[in-house]
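Trainee: Got a minute to go through a model with me? I'd like to talk about its strands and its rings.
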Amino acid sequence: PSAAEANQDVVRTYHPECDALVRSRLLPGRRIELYQGAPARRGPGTPNPFYGAGVHQDYGLLPEDFQESLEAFATPGVAQGWRDRFDQDDVAGFMVIDLWRPVDSEGPLLHMPLAVCEPRSVRVEDCVPLSLLEFSPTGRPTNQLGLRRQPDQRWYYYPGMTRSELLAFKNF
């Protein structure tokens, strides 16, 4: 199938599963508004043939950072709509939850497993604001955070993950 057809297959397969997981396991009983974007596919043969090999966090640290990145991946109108909703009195918070799984490998993932850092082991002063250039469809820079290494940071990785396993983590 074409890349667009493969993406639609992933959306049809995984969006309902992800919706149910967030509502029943991650945020049960909470009133949430859930938006699921297009899946990010990486690696050879995809529109993004490289992997995010450096330590980073997508979207930056502040709501303004997220809004700017949203403009880069969508439109200023979409970003302003998000900001208008975020600023409403009935909004208690906002988060981006990444759901990560290897969908293209037949067996266990053996190359470049995802690693995550325990957020309570990171000091704010060790976060380094970054802009990723020439990555978004609009060509606008996107906000990210780099991280200064500290010996007391706690890192975890998941070697050998399969399609039946899913890692959920708060990204913003």
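Mentor: Sure, we'll take the sheet and then the aromatic pairs.

Mentor: This is a predicted model, with local features needing pLDDT of at least 70 and side-chain atom pairs counting only at pLDDT 80 or more, while totals for chains, interfaces and linings use all residues. Residues are numbered from 1 along each chain as its sequence is written, and side-chain values use heavy atoms, leaving out hydrogens and water.

Trainee: What order do the strands of the open sheet have?

Mentor: The order is β1-β5-β4, with antiparallel pairing. Strands are DSSP runs of E, at least two residues, and helices are runs of H or I, at least four, numbered from the N terminus; two strands pair if DSSP finds at least two bridges between them.

Trainee: Which are the edge strands?

Mentor: β1 (57-58) and β4 (127-132), each pairing on one side only.

Trainee: And how many bridges join β4 to β5?

Mentor: Six, with β5 covering residues 142-147. V128 stands opposite G146 in β5.

Trainee: Switching to rings: how many aromatic pairs are there?

Mentor: Seven. Phe, Tyr and Trp rings (the six-membered one for Trp) pair if their centres lie within 6.5 Å; planes under 30 degrees apart are stacked, over 60 edge-to-face, and the rest tilted. F66 and W82 have ring centres 4.8 Å apart and planes at 55°, so that pair is tilted.

Trainee: Where do F66 and W82 lie?

Mentor: F66 is in helix α2 (residues 63-73) and W82 in helix α3 (residues 76-86), so their pair ties together parts 16 residues apart in sequence.

Trainee: Which residues are in the ring cluster?

Mentor: Y59, F66, W82, F86 and F94, linked by ring pairs.
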